[in-house]
Amino acid sequence: MADGPRLPFAFARDQQVLLEGSRMIIGPAASVLGLREAQRRLGAERPPELLRLDQAGFEAALARVYDSRDEELTAGAAGELLFDLEESGAGARQRDLLDDPGDAPVIQLVNRLLRRAVLSGASDLHVEPHEGGLRVRMRIDGFLQEVMNRADVPVRRIVSRLKVMAGLDIAETRLPQDGRIALSLGGRMIDTRVSSLPGHYGERIVLRILDRSAGLMPLADLGFSTAQQTLLERLSALPNGIILATGPTGAGKTTTLYSLLQLAERNERNIVTVEDPIEYDLPGISQSQINAEIGMTFAVGLRATLRQDPDVILVGEIRDPETASVAAQAALTGHLVFSSLHANSAIGAVVRLRDLGIDNFLIAATLRGMIAQRLLRKLCPDCRRPQPVSAEQAALFQRHDLPPPDTLYAPGGCESCGGSGHAGRLGIFEMVEVGERLRAAVDGGATETELTQMALGAGETLIGQGLAAAAAGRTSLTETLRVVGDVA
């Protein structure tokens with residue numbers, strides 16, 4: 001943080017005036033009061049350097065100036081705390097992560113953990129009581145990393161603090177509970193889903209962190225090739241049918257479906273979603289939240305959307321026969337339905353629909369496309385190490401009808417990647433468009449193996465896409481085999 005006078009965070013945010021050293025940063029709604037106070041704190045010796053920013057730029061500058069990333073959580077040092085969270089509950093006012101109320105040590109520690117998770121881009125935060133104290137881990141790029149393991153913290157008070165913020169019953173410690181914490185970071189909207197689970201040494205808390213204002217990346221940045229982007233555009237323009245994204249939890253299925261919605265968005269089309277949870281805010285699209293406790297299930301929500309005159313419907317997940325049946329009927333009656341499904345491959349979606357009780361003729365009549373995907377950790381470009389290709393590795397490529405590369409790369413470890421050898425993730429996608437030949441095979445009850453041989457060529461399967469990414473040096477062969485496996 002730059003040396004020099006500083007305005008209180010809430011004042012700087014509300015008046016849209018910010019001091020960074022001798023520079024004054026103002027937003028589009030900067031007030032006269034804010035400008036006068038900033039000038040007073042700077043003093044009259046010299047006119048300040050003035051930087052005028054738009055709203056997004058001002059919020060980014062606000063987060064940068066008032067953020068201190070280098071607090072040492074494991075040391076337990078007191079230190080200044082520059083943010084807080086509001087107690088959740090009905091009608092609670094949302095507070096910014098960078099606000100500065102100077103709260104008690106337990107609240108400070110919890111807030112530091114939450115802020116560190118948000119700033120690190122973690123997808124999950126695990127708070128785990130154990131015999132020796134409390135361990136806290138964050139999931140970054142699919143891997144859990146320990147950020148704190150201490151015996152000198154009041155475990156029950158920390159767990160209770162999280163439960164209070166999430167609107168959970170702190171007196172109930174024997175049953176699992178679910179809640180949410182709504183917060184922001186310098187204007188960025190963050191939604192945190194909280195799950196508690198009773199354990200031997202206390203309740204275990206897992207927080208799922210969703211940055212709802214992050215926006216969606218372009219298709220090319222997600223890992224789609226030019227040919228795959230063309231296929232997505234063609235699928236999103238269809239008038240009716242079902243398009244399914246498959247893969248394990250955390251593989252990015254929702255992001256792919258949102259990208260399809262963006263492609264499908266037209267002023268003349270009514271697009272409605274039924275989700276659990278709503279992960280991104282999509283302008284111009286009606287989004288509905290599932291709430292199973294009061295009977296708002298995917299099937300109920302999907303039936304309700306059909307009475308809203310929709311053209312395109314996104315159903316967050318097909319989990320049961322009822323939802324699958326309603327989705328198929330919606331596709332038959334002229335709607336385009338996007339959804340996700342738990343299956344190991346694109347063709348596996350057909351087998352899963354059969355398992356959910358959908359007849360072959362109905363699957364053939366409604367299914368238009370399937371996308372299977374996985375996320376691979378990208379190699380850090382600064383420290384990746386070239387390695388010669390062994391005979392065993394070359395045989396692996398040849399077994400999948402791909403030419404072996406001359407060089408493969410392995411992770412190294414440097415300061416820029418935190419010693420992990422990896423930086424970010426990339427998607428690999430197995431995409432199938434259901435044409436006449438495949439439709440006839442599905443209607444005839446063909447097996448998954450027969451359908452795969454008919455629909456996918458060399459290099460189009462998940463393992464083929466992963467091997468191609470390894471050959472291009474974007475990921476390691478070890479990472480590809482870890483995530484996809486050597487599927488023949």
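Which strands does helix α2 lie across, and at about what angle does α2 run to β1? Let's start there, everyone. Please keep in mind throughout that this is a predicted model. Helix α2, residues 32-42, lies across β1 and β2, and its direction is about 20 degrees from that of β1. Helix α3, residues 55-66, also lies across β1 and β2, but runs at about 45 degrees to β1.

Now for the sheet under discussion. It is an open sheet of three strands, in the order β1-β2-β3, and the pairing is mixed. At the edges stand β1 (17-20) and β3 (49-52); each has a single partner strand, so one side of each has no neighbour in the sheet. On average, neighbouring strands here are turned by 25 degrees against each other, direction ignored. If you zoom in on β1 and β2 (residues 23-26), you'll find an antiparallel pair with four bridges. A handy landmark there is valine 17, which stands opposite isoleucine 26 in β2.

Next, please move along to strand β4, residues 124-130. Is β4 largely enclosed or largely open? Six of its seven residues are buried, so the rest of the structure largely encloses β4. Strand β4 pairs with β5, residues 133-140, in the antiparallel sense over seven bridges. The two strands make a hairpin, with two residues between them. β4 also runs antiparallel to β9, residues 204-211, and four bridges join that pair. Valine 127 is a nice residue to click on: valine 136 stands opposite it in β5, and in β9 its bridge partner is isoleucine 205.

On to another sheet. Seven strands form this open sheet, and the order is β12-β11-β13-β14-β10-β15-β18, with mixed pairing. Here the edges are β12 (286-289) and β18 (422-433), each with a single partner strand, so one side of each is left without a neighbour in the sheet. From one strand to the next, the twist averages 20 degrees. Within this sheet, β10 (residues 241-246) and β14 (residues 336-341) pair in the parallel sense over six bridges. Threonine 246 stands opposite leucine 341 in β14. Helix α7, residues 226-236, lies across β10, β14, β15 (367-379) and β18, at about 55 degrees to β18.

Let's look at helix α9, residues 298-305. Its buried residues are Phe298, Ala299, Gly301, Leu302 and Thr305. Looking down the axis of α9, you see those buried residues within an arc of 165 degrees, so they line one face of the helix. What do they pack against? The partners are β11 (271-275), β13 (312-315) and α10 (321-332).

After α9 comes a stretch with an annotation. An unreviewed UniProt entry places the feature "domain: Bacterial type II secretion system protein E" at residues 306-320. Over residues 306-320 the chain is 0% helix and 27% strand, with the end C-alpha atoms 18 Å apart.

Finally, one for the cysteine fans. How many disulfides does a search of the whole structure find? Zero. Cysteine 383 is in no disulfide, and its nearest cysteine sulfur, that of cysteine 414, is 3.6 Å away. The cut-off for calling a disulfide is sulfur atoms within 2.5 Å, which is why this pair does not count. Cysteine 414 is likewise in no disulfide. As for exposure, cysteine 383 counts as buried at 12% relative accessibility, whereas cysteine 414 is partly exposed, with a relative accessible area of 22%.

Thanks for listening, everyone!

Terms used
Residues are numbered from 1 along each chain as its sequence is written. This is a predicted model: local features need pLDDT of at least 70, side-chain atom pairs count only at pLDDT 80 or more; totals for chains, interfaces and linings use all residues. Side-chain values use heavy atoms; hydrogens and water are left out. Buried means under 20% relative accessible area, exposed over 50%, partly exposed in between (1.4 Å probe, protein chains only). The arc is that of the directions from the helix axis to the C-beta atoms. Contact means heavy atoms within 4.5 Å. UniProt positions are given in the numbering used here, feature names are shortened, and annotations may be inferred rather than shown by experiment. Two strands pair if DSSP finds at least two bridges between them. Axes are lines fitted to C-alpha atoms, for helices over the stretch in contact, and angles run from 0 to 180 degrees between N-to-C directions.
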